[in-house]
Amino acid sequence: MRLRVYLLTASVVSTGMILLALFISYRYMLLSWKQTVLLGSVTLGAALASLLVHRLLTRPLERSIEAIAAETAHIAGGSFGGSVPLTGPAEFQMLARQFNAMTARLKTSFEQLKAGEAARRELVANVSHDLRTPMASILAFVEALEDDVIQDKPAFERYLRTIRLETGRLNGLIEELFRLSQLEAGSGSVAPERYDVDRLLLDGLQSLAIQLEEKGLQIDMQVPEVLPPVAIVSGEIKRVLSNLLQNAIRYAPAGSSIRIAAEPLPDGFVRLSVEDEGPGLSADDQERVFERFYRADPSRSRESGGAGLGLAIAKSIVELHGGEIGVRSCAGAGSCFWFTVPIWPDTAKMNMAREKP
């Protein structure tokens with residue numbers, strides 16, 4: 001039964017019962033026929049007027065329900081762009097607001113789901129591409145060794161070394177994918193320790209000393225004499241710093257300088273930056289450089305072994321510490337990657353106390 005028929009039937013039944021009660025009352029009031037007809041006519045007119053008013057008052061309710069039903073059909077068809085008008089009684093307006101809020105949340109969730117699906121397909125495509133190249137090399141070299149194509153020992157050792165290097169690339173890619181999935185799933189936890197920034201920078205430079213020497217790069221340190229200790233998971237932040245340094249070494253011209261700076265900020269953080277004199281990044285590259293598998297120079301990155309995951313992992317680690325990461329660059333004028341980490345709490349309180357008059 002339609003709502004309109006249901007409401008009309010309810011009104012007719014209730015009005016009919018009232019009319020029946022009135023006519024019975026008229027019968028026992030010992031009225032003349034003329035008086036009975038007059039009162040009956042007035043009663044019937046009032047009943048018809050009541051039905052008309054009932055119809056006018058229930059029409060907005062019907063329209064509100066029809067609007068919700070129509071919008072529900074649109075949602076069932078996958079369209080989340082509509083909304084229900086705020087008409088009718090206050091209760092129906094509240095229902096319409098809640099319905100529109102639900103539709104907006106569904107739209108956001110659906111868009112996130114579509115973006116996630118697109119990202120998943122892109123991830124599978126990128127992983128397949130990055131796995132295919134080293135796997136093809138390993139397969140070719142292994143087949144050559146199995147077929148006894150290589151007879152001299154130096155070539156044999158070179159083939160084995162290549163297989164070992166390509167296997168290392170595969171292992172590194174798998175480890176980066178696993179770490180990135182942990183961070184994006186929110187399974188990473190931070191148990192910070194008190195750590196000196198000088199020690200952090202020294203450890204990062206020492207681990208890359210050979211690469212710096214091979215390329216003839218100079219290090220320009222701009223660090224104040226006194227820096228507050230920071231609250232970090234040292235292994236994770238060392239990974240972030242190492243990634244930024246490796247990128248600087250990769251793109252810096254031979255014989256140029258890499259500038260490393262550290263400075264405390266008023267908001268209780270220390271900012272670390274690594275600046276090179278390389279080719280720089282365009283505005284579009286700067287917006288996307290922290291996306292996973294994004295390469296500003298795809299061919300060059302693959303030749304150097306980069307999988308395009310390092311900066312995405314660095315971003316997740318820094319944000320897990322409550323800091324920020326970013327880049328300042330100009331095409332042809334070098335790049336400056338920076339990130340912030342929190343100052344050790346006790347030190348921050350001491351600094352605030354010193355600043356008070």
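Strand β5 is joined to strand β7 (residues 335–342) by 7 bridges, and the two run antiparallel; strands here are DSSP runs of type E of at least two residues, helices are DSSP runs of type H or I of at least four residues, and both are numbered from the N terminus. Two strands are taken to pair if DSSP finds at least two bridges between them. The model is a predicted one, in which local features need pLDDT of at least 70 and side-chain atom pairs count only at pLDDT 80 or more, whereas totals for chains, interfaces and linings use all residues. Residues are numbered from 1 along each chain as its sequence is written, and side-chain values use heavy atoms, with hydrogens and water left out.

On its other listed pairing, β5 is joined to strand β4 (residues 257–264) by 6 bridges, again in the antiparallel sense. Valine 274 of β5 takes part in both pairings, since its bridge partner in β7 is phenylalanine 337, while isoleucine 260 stands opposite valine 274 as well. The hairpin of β4 and β5 has 4 residues between the strands, and within this hairpin glycine 268 takes a positive phi near 90°. Strand β4 also pairs with strand β2 (residues 218–222), in the parallel sense and over 5 bridges, and in this pairing glutamine 218 stands opposite serine 257 of β4. Strand β5 itself, which spans residues 269–275, is mostly covered, 5 of its 7 residues being buried; buried means under 20% relative accessible area, exposed over 50%, and partly exposed in between, with a 1.4 Å probe and protein chains only.Salt bridges, defined as a side-chain nitrogen of Lys or Arg within 4 Å of a carboxyl oxygen of Asp or Glu, come to a count of 4 by this rule. One of them joins the side chains of glutamate 275 and arginine 259, with an N to O distance of 3.1 Å. This pair links distant parts of the chain, glutamate 275 lying in strand β5 and arginine 259 in strand β4, 16 residues apart. Glutamate 275 is partly exposed at a relative accessible area of 29%, and arginine 259 is likewise partly exposed at 26%. A salt bridge is also found between the side chains of glutamate 263 and arginine 271, at 2.6 Å from N to O, and here the two residues stand opposite each other in the pairing with β5. Glutamate 263 has a relative accessibility of 37% and counts as partly exposed, as does arginine 271 with 27%.

In helix α10 (residues 310–320), glutamate 319 forms a salt bridge with lysine 315, the closest N and O atoms being 2.7 Å apart. The two residues are 4 residues apart in α10 and are therefore separated by about one helical turn. An α-helix has 3.6 residues a turn, so residues three or four places apart point the same way. Both partners count as partly exposed, glutamate 319 having a relative accessibility of 44% and lysine 315 a relative accessible area of 29%. Helix α10 is nevertheless mostly covered, with 8 of its 11 residues buried, namely Gly310, Leu311, Ala312, Ile313, Ala314, Ser316, Ile317 and Val318. The helix is followed by glycine 322, whose phi is positive, near 85°.

A negative surface patch is formed by Glu143, Glu146, Asp147 and Asp148. Patches are made of residues with over 30% relative accessible area and no salt bridge, like charges being joined within 9 Å and nonpolar side chains (Val, Leu, Ile, Met, Phe, Trp, Tyr) within 5 Å. Lys and Arg count as positive and Asp and Glu as negative, whereas His and the chain ends are not counted; the place of a charge is taken as NZ of Lys, CZ of Arg, CG of Asp or CD of Glu. Within this patch, aspartate 147 is placed in the loop between α3 (90–146) and α4 (153–184), and its relative accessible area of 58% makes aspartate 147 exposed. Leucine 95, in helix α3, is partly exposed with a relative accessible area of 39%. Leucine 95 and isoleucine 68 are 27 residues apart in sequence, and their C-alpha atoms are 9.3 Å apart in space.

Key
Areas by Shrake-Rupley, 256 points an atom, 1.4 Å probe, with all protein chains shown as cover.
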